[in-house]
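Subject: Structure for your review

Dear colleague,

Please find the structure below, together with its sequence. A summary of what was found in it follows.

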Amino acid sequence: RDAAHDRDNSEKFIKAGIRTHRVLAIVDLEETLDGNGKKIPIKEAKKRKLIPAKMHPVIQIRAFGTKERVYHIRIGKGINPYTGTYERVEQTLEDARMMVAQELGKDPQKFSDKDYLRWFAEILGKQVAKIRKLGLYHGYLTEHNLTLDCRIVDLDSIEDIKKKAAEEETPA
């Protein structure tokens with residue numbers, strides 16, 4: 001359900017001119033690995049409570065410009081606590097700046113860091129306005145869900161603004 005919701009929202013965003021990923025495929029899983037690395041059917045994994053009974057595991061294949069997230073530059077140099085890898089912030093930002101310059105048809109040597117950051121801020125503001133214009137709400141729009149080429153991703157938390165407001169007004 002979440003993968004299909006994400007796919008549907010990405011298509012809605014693309015049609016509205018919002019930068020996001022495109023879902024190329026959603027692949028149902030027939031088997032997974034148990035704690036010992038042995039392949040087992042999904043039914044067996046559910047029976048052994050390795051995955052929740054109601055879960056329908058899939059793999060979502062996405063197309064990105066870059067999948068590097070703003071979060072990756074925020075943590076700076078050092079060890080990423082999630083991946084255990086060394087971050088090369090300067091190169092990551094340089095790659096993103098050059099990719100955006102190429103996309104815009106600008107000479108990368110003349111498209112400065114300041115130009116890139118100005119472009120990023122402007123595009124992000126326009127995209128948030130477009131999301132609101134669609135009557136939608138991204139429940140988790142943080143540096144984790146923004147790529148360095150200003151794509152809004154992980155759209156499983158997208159909700160209708162009116163529906164969200166009604167839920168918040170209704171006592172539990």
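Two residues are in contact when heavy atoms of theirs lie within 4.5 Å of each other. On that basis, among contacts in the protein with a separation of 6 or more, 55% are between residues 24 or more positions apart. Please note that the model is predicted.

Overall architecture

The protein has 172 residues, and 30% of them count as buried. Its accessible surface amounts to about 11,500 Å², of which carbon and sulfur atoms supply 53%. There are 6 helices and 8 strands. Read from the N terminus, these elements follow the order α-β-β-β-α-β-α-β-β-α-α-β-β-α.

Helix α1

Helix α1 comprises 14 residues, from 2 to 15, and spans 20 Å between its first and last C-alpha, close to the 20 Å expected at 1.5 Å a residue. Its buried residues are Ala3, Asp6, Asn9, Ser10 and Phe13. They lie on the same side of α1, because the arc they cover around the axis is only 130°. As for their partners, the buried residues of α1 pack against the strands β1, β4, β7 (136-138) and β8 (158-160), and against helix α5 (113-133). Just after α1 comes Gly17, with a positive phi of about 80°.

Helix α4

Helix α4, residues 89-104, has 16 residues and reaches 23 Å from first to last C-alpha, close to the 22 Å expected at 1.5 Å a residue. Val89, Thr92, Ala96, Arg97, Val100 and Ala101 are buried in this helix. Their arc around the axis is only 165°, so they fall on the same side of α4. Glu90 and Gln102, on the other side of α4, are exposed. Gly105 follows α4 and has a positive phi, near 75°.

The nonpolar surface patch

Which residues form a nonpolar patch on the surface? The patch consists of Leu24, Val27, Ile59 and Ile61, which together have about 330 Å² of accessible area. Strands β1 (22-28) and β4 (58-63) each supply at least two of the patch residues.

Val27 deserves a closer look. This residue is placed in strand β1. Val27 counts as partly exposed because its relative accessible area is 37%, and partly exposed denotes the range between the buried limit of 20% and the exposed limit of 50%. Leaving aside residues up to four places away in sequence, Val27 touches Pro57, Val58, Ile59 and Ile61. Val27 and Ile59 are 32 residues apart in sequence, yet their C-alpha atoms are 5.1 Å apart in space.

The loop between β7 and β8

Two residues with positive phi should also be mentioned, neither of them a glycine. Cys150 lies in the loop between β7 and β8, and its phi is near 60°. Is Cys150 buried or exposed? Cys150 is buried, because its relative accessible area is 0%. Asp154 is likewise placed in the loop between β7 and β8, with a positive phi of about 55°.

Yours sincerely,

A colleague

Key:
Residues numbered from 1 in each chain as written. Predicted model: local features only at pLDDT ≥ 70, side-chain atom pairs only at ≥ 80, totals over all residues. Heavy atoms only, no water. Patch = residues over 30% accessible without salt bridge, like charges linked within 9 Å, V, L, I, M, F, W, Y side chains within 5 Å. Areas by Shrake-Rupley, 256 points an atom, 1.4 Å probe, with all protein chains shown as cover. Salt bridge = Lys/Arg side-chain N within 4 Å of Asp/Glu carboxyl O. Helix = DSSP H or I, 4+ residues; strand = E, 2+ residues; numbered from the N terminus. Expected span 1.5 Å × (residues − 1). Buried < 20%, exposed > 50% of the residue type's maximum accessible area, 1.4 Å probe, protein only. Arc of directions from axis to C-beta.
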